[in-house]
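Take a moment with the sequence and the fold before reading on. We will go from pairs of charged side chains to a helix, and then to a pocket.

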Amino acid sequence: MSTNLKMTWGSVSYTLSLADVLWSFLALFFLLAFCAHKISLHLPRKYETCRLYMLFQDLIRYGKTKQNLRRDDWLRAFDVPKSWFWHFYAISVVWNGLLLAFYLISIFQHQSYPLLLTGVLDFLTGVPSTDSQVPQLSTLLVQLLLCVHSLRRLMECLFVSVFSDGAMHLVQYVFAVCYYIVMGLTVLCSDRLGKGTGTLLSQLDWFHVAGSALFIGASLMQHQSTVLLARLRTGKSGRVETLAHRVPEGGWFELVSCPHYLAELLIYVSLSLVFGGLSLTWWLVVLYVLFNQALAAQLCHELYISKYESYPRHRKAFIPFVL
């Protein structure tokens with residue numbers, strides 16, 4: 001049974017895989033959540049005690065943006081520490097490292113993926129596996145860069161970031177775990193749906209270099225932002241002096257409230273570029289990251305503006321001069 005969905009506009013026909021449908025749904029979901037939150041800002045204050053409103057806000061907020069939220073005790077029962085963020089990246093390092101190993105084995109030892117993995121990819125893409133599939137340099141590079149990204153974020157969570165007693169919802173925790181698992185599978189889906197020719201080295205093109213360069217630049221930008229945030233709570237000795245929230249300054253914080261979220265978006269754009277910009281599946285992933293990070297950035301931006309009277313009014317939430 002095929003899991004593809006054929007859509008036609010005029011004389012052009014597109015085939016959407018189940019993976020495409022999944023990422024389209026997630027992108028649409030967070031776009032609607034972003035719009036719903038913007039609309040909720042104009043509702044009468046009496047609606048803040050509505051259980052549906054509280055549940056919605058509880059599910060879209062975490063960390064500092066959740067601390068002043070009015071919530072019933074039954075909602076607090078689902079809180080888990082925000083410091084558990086490192087779990088996501090640990091899982092990503094292990095899982096994506098394993099998928100990378102499977103891909104390398106398939107390239108150099110010409111062995112098929114485990115049957116379970118093959119079945120999952122068949123289901124997500126609607127394209128049956130073939131022994132004649134040519135290894136793609138783009139897929140290999142994206143897997144490597146994704147592993148590097150996850151490892152860096154894991155190290156930052158463990159040794160750089162200073163987490164307060166902020167919380168996130170259990171649903172958010174489970175979603176994030178599933179997200180990093182599906183992300184690795186999506187890379188292999190893009191490989192299944194793409195076409196490679198020749199040896200790996202002969203496939204090297206300008207977009208591999210450009211995408212890798214953008215990845216490095218965005219990663220440095222995110223790391224710098226993470227360090228600046230951590231320094232708001234540490235002294236010159238590096239020891240934690242406070243867990244209070246302060247106005248971030250320096251670097252890209254002079255333009256936007258959340259440059260680390262902007263950097264996350266640029267990292268996924270860079271991976272799409274490594275795919276040659278031709279993977280519809282990966283552009284849908286980028287679309288999801290755009291709306292997901294925009295929502296998180298908007299919540300942080302609103303908190304800074306409401307909490308600090310002297311907060312720079314020229315700063316945008318997420319994208320310089322735009323949003």
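**Charged pairs, a helix and a pocket**

Start with R51 and D72, whose side chains form a salt bridge, with 3.6 Å from N to O. This pair ties together distant parts of the chain, 21 residues apart. R51 belongs to helix α2, which covers residues 51-60. D72 sits in the loop between α2 and α3, where α3 is 73-76. Keep in mind that this is a predicted model.

Why can such side chains pair at all? Side chains of opposite charge can do so when their charged atoms come close.

Are the two partners buried or exposed? R51 counts as exposed because its relative accessibility is 58%, and the cut-off for exposed is over 50%. D72 has a relative accessible area of 24%, so it is partly exposed.

The structure holds 7 salt bridges in total. Another one joins K66 and D58, at 3.0 Å from N to O. Here both K66 and D58 are buried.

Next, look at D79 and R71. Their side chains also meet in a salt bridge, at 2.8 Å from N to O. D79 is partly exposed, because its relative accessibility is 25%. R71 has 11%, so it counts as buried; the limit for buried is under 20%. Through shared partners, salt bridges connect D58, K66, R71 and D79 into one network.

Now turn to helix α6, residues 137-159. How far apart should its ends be? The helix has 23 residues, and at 1.5 Å a residue they should span 33 Å. The steps are counted between residues, so the rule multiplies 1.5 Å by one less than the number of residues. The end C-alpha atoms of α6 are 33 Å apart, which agrees with that expectation. This helix is mostly covered, too: 17 of its 23 residues are buried.

Helix α6 also leads us to the largest pocket, since α6 is among the elements that give two or more residues to its lining. The space in this pocket is about 1,300 Å³. Its lining has 49 residues, and the closest to the centre are Y62, K82, F85, Y261 and A296. Other contributors of two or more residues include α1 (18-40), α2, α4 (85-108) and α10 (280-307). Helix α2 is thus a link back to the start, as it holds R51 and also helps line the pocket.

What kinds of residues make up the lining? They divide into 33 nonpolar, 10 polar and 6 charged.

Note on methods: Residues numbered from 1 in each chain as written. Predicted model: local features only at pLDDT ≥ 70, side-chain atom pairs only at ≥ 80, totals over all residues. Heavy atoms only, no water. Salt bridge = Lys/Arg side-chain N within 4 Å of Asp/Glu carboxyl O. Helix = DSSP H or I, 4+ residues; strand = E, 2+ residues; numbered from the N terminus. Buried < 20%, exposed > 50% of the residue type's maximum accessible area, 1.4 Å probe, protein only. 1 Å grid on protein atoms, 1.4 Å probe; cavity = no way out; pocket = protein on both sides within 12 Å on 5 of 7 lines; lining within 4 Å. Points joined across faces, edges and corners; volume = space filled by probe spheres on them. Nonpolar A, V, L, I, M, F, W, Y, C, P; charged D, E, K, R; others polar.
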